[in-house]
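Student: Before I look at the model, could you take me through how its descriptive terms are justified?
Tutor: Gladly; let us set each term against its definition.

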Amino acid sequence: MLLLVGITVAMVVFVVRYRRSRARTTSQAEGHLWLEITWTVLPTLLVTWMFFVGYEGFGLMRRVPADAMVVQVTGRQWSWSFHYPGVGIDSTEMVVPIDQTVKVELTAPPTDVTHSFYIPDFRVKEDVVPGRTTYLWFKAERTGTYDVFCSEFCGKDHSKMLAQMRVVPQEEFRRWLATEQGKRYQPLVFEAVTNPGHETFGPAGININAKSLYLTFCASCHGVNGDGSGLPGQARDFTTSAGWKRSPKVTDIYRILAEGVPGTQMRSFPNLSPWEKVASAHYVRHFLKTAAPADTRQDYDALVQEYGLDKIQPPKPALPIDEAMRLLVEKKQAPTSAAAP
Ligand code: CUA
């Protein structure tokens, strides 16, 4: 109302006041040469100077130092996953060593939507575009745990698209790499598949937190309590046997996690290690209130056969970690030299 009345009144007043029948000849203002030269040249110099200052800052952001270690990040509706190329590690948290330049390569699956990778404490942010690779870099100078946000509105659970980044001393990073490799490349054993528990899994000393995996990758559709409340009417309700269209055996859930369900929103999780898939399967199954059929030795052998689970090898060279660190860093330099035709 304020704008409508204000504009209409002003319009009517001007139409009456400046109507043609009242027209007078206006005074003709001549130019002022020096004034015009001044207000042309001064802003031009100022803007040119600002451009070079900005260009320098831009260059600093875009030119990644050659000794950078690469972490590949995939953004999906609604989670982040972190891949350490060269050493074959996938993780749901980002861990980097202190005083090490890190190049973060960002991408999203072609069927996903645009996200934005944002570490507020580091003042770095970059769009994550489906089917493309973008990047940013930083060098952390203090250890600690930092928040990673998605800062591009990407759907229902945009605000839950969070991750943690841990900056740790170099030694601890080496230990973390070794632990993660241990987790990922331990052959799966029958005892894990038939484990009656649903939270703790993994070979000696390496416990996989199944609940945290579930909350990161499954809860946004299937609900925190497995009742499908994340996306009503679409995601499976795991709490009743009616919700299970397929077998609730761990080995069968494993196959769904490995391959997804074609024609549905249920995608595959190729980045989860065999142990992580088994842990997630147990966690998903524990929601079912009624008794589930037990996995047999035969089921296990079939799974091992199907996915070659007895032949899982860390990428070469298998640790030492110093070698792994070298790989992580040099992965970045390789494409640069290969880019020359
Ligand atoms: Cu992803 Cu917002």
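**Between the two domains**

Tutor: In this predicted model, the rule finds zero residue pairs in polar contact across the interface of domain 1 and domain 2, where both residues must be at pLDDT 80 or more. The elements that give two or more residues to the side of domain 1 that touches domain 2 are β2 (79–84) and α3 (170–185), and the largest share of that side, four residues, comes from α3.

Student: How many salt bridges does the rule find across the interface of domain 1 and domain 2?
Tutor: The rule finds zero salt bridges there; since the term requires a side-chain nitrogen of Lys or Arg within 4 Å of a carboxyl oxygen of Asp or Glu, no pair across this interface is counted as one.

Student: What makes domain 1 and domain 2 count as being in contact?
Tutor: Contact means heavy atoms within 4.5 Å, and twelve residues of domain 1 meet that condition with 17 residues of domain 2. The two domains bury about 1200 Å² between them, 54% of it on carbon and sulfur atoms, and T92, K183 and R184 supply 42% of the area that domain 1 buries against domain 2.

Student: Why is the largest set of 40 residues called a nonpolar core?
Tutor: The name applies because its members are buried residues of nonpolar-core types, joined through side-chain atoms within 4.5 Å; W80, Y84, M94, F117, F138, M165 and F173 touch the most other members. The largest share of this core, four residues, comes from strand β10 (residues 163–168).

Methods
Residues are numbered from 1 along each chain as its sequence is written. This is a predicted model: local features need pLDDT of at least 70, side-chain atom pairs count only at pLDDT 80 or more; totals for chains, interfaces and linings use all residues. Side-chain values use heavy atoms; hydrogens and water are left out. Buried means under 20% relative accessible area, exposed over 50%, partly exposed in between (1.4 Å probe, protein chains only). Buried area is the accessible area (1.4 Å probe) that two parts lose on being put together, summed over both. A polar contact is a pair of N or O atoms within 3.5 Å; within protein, one must be able to donate a hydrogen and the other to accept it, and residues adjacent in sequence count only if both atoms are side-chain atoms.
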